Amino acid sequence: MRRTASKERELPKRGKKPTSYRRIVTGNVNGKSVVQSDEPLLAYQFKTIPGYQHTLMWINPAIPDLSNEQRFDRYPDSVVPGAGGTSLHFVTFPPGSVFADPAFDAEAAQEEALVRLRGLADHFEKEDPGMHKTDTVDYAVVYDGEMWLELDDGEILHLKRGDVVVQNGTRHAWRNKGTKPVTMLFFLNGARARETSQA
């Protein structure tokens, strides 16, 4: 449903400012380890989903070659790495009530996700929003808050701070069934696609 002008149906306001994370990158100069960069990264706040934040900390689209300086100079064509590559993400999920609000515009949210989360949002299922599967092995850490992991056949696991999920290229969705935001840390490892059996 499209957003209306009615104040009663407006989505909740976003926080005063987005979260920031300190990122330190090391490198080699004349055979010695040095700090290549040390800077805060500001989380991207979705305009169409209040409270939803994403920070791409680093990405190697493919197997890194350590004989060359590792750099992350521009936003990638895909936040999902190819085989042998990796990517590291902080994601803050708002409570599920944000998506249940009558003023929530699912179409606009999908359009924004296709830009910010390209390569990942393409895999979100239209019939079951949030469910997706990628050719990656993911290490998912509950950094702050509580999260619910949904798998096939309606299986749901309740996760708490410090819990770790190893996602082996399986279909899943992350659901925040609580009343507070939850922040997750995702480390994606690009993998070869699972072979399907021939009929």
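Asp-152 forms a salt bridge with Arg-171, and their closest N and O atoms sit 2.5 Å apart. Asp-152 lies in the loop between β7 and β8, while Arg-171 is in the loop between β9 (164-168) and β10, so this pair ties together parts that are 19 residues apart in sequence. Keep in mind that this is a predicted model. Here's a quick tour of the salt bridges and one small sheet.

**The Asp-152 / Arg-171 network**

- Neither end of this pair counts as buried: Asp-152 is partly exposed at 39% relative accessibility, and Arg-171 is partly exposed too, with a relative accessible area of 26%.
- The pair isn't on its own, either: salt bridges with shared partners link Glu-125, Asp-128, Glu-150, Asp-152, Arg-171 and Arg-175 into one network.

**Other salt bridges**

- The total for the model comes to 10 salt bridges.
- One of them brings the side chains of Arg-22 and Asp-38 together, at 2.6 Å from N to O.
- Arg-22 belongs to strand β1 (residues 20-29) and Asp-38 to strand β2 (residues 32-42), so the contact ties together parts that are 16 residues apart in sequence.
- Arg-22 is exposed, with a relative accessible area of 61%; that puts Arg-22 in the exposed class because the cut-off is over 50%.
- Its partner Asp-38 has a relative accessible area of 40%, which makes Asp-38 partly exposed.
- Asp-73 and Arg-71 also meet through their side chains in a salt bridge, this one at 3.3 Å from N to O.
- In that pair, Asp-73 counts as exposed at 62% relative accessibility, whereas Arg-71 is partly exposed at 45%.
- As for the chemistry behind such contacts, side chains of opposite charge can pair when their charged atoms come close.

**The three-stranded sheet**

- Three strands make up an open sheet with antiparallel pairing, in the order β8-β7-β10.
- At the edges you'll find β8 (156-160) and β10 (173-175), each of which pairs on one side only.
- Neighbouring strands in this sheet are turned against each other by 30 degrees on average, ignoring direction.
- Strand β7 (residues 146-150) is joined to β10 by three bridges, and the two run antiparallel.
- For a specific contact to look up, take Leu-149: its bridge partner in β10 is Trp-174.

Definitions and conventions: Residues are numbered from 1 along each chain as its sequence is written. This is a predicted model: local features need pLDDT of at least 70, side-chain atom pairs count only at pLDDT 80 or more; totals for chains, interfaces and linings use all residues. Side-chain values use heavy atoms; hydrogens and water are left out. Two strands pair if DSSP finds at least two bridges between them. Helices (H or I, at least four residues) and strands (E, at least two) are DSSP runs, numbered from the N terminus. Axes are lines fitted to C-alpha atoms, for helices over the stretch in contact, and angles run from 0 to 180 degrees between N-to-C directions. A salt bridge is a side-chain nitrogen of Lys or Arg within 4 Å of a carboxyl oxygen of Asp or Glu. Buried means under 20% relative accessible area, exposed over 50%, partly exposed in between (1.4 Å probe, protein chains only).
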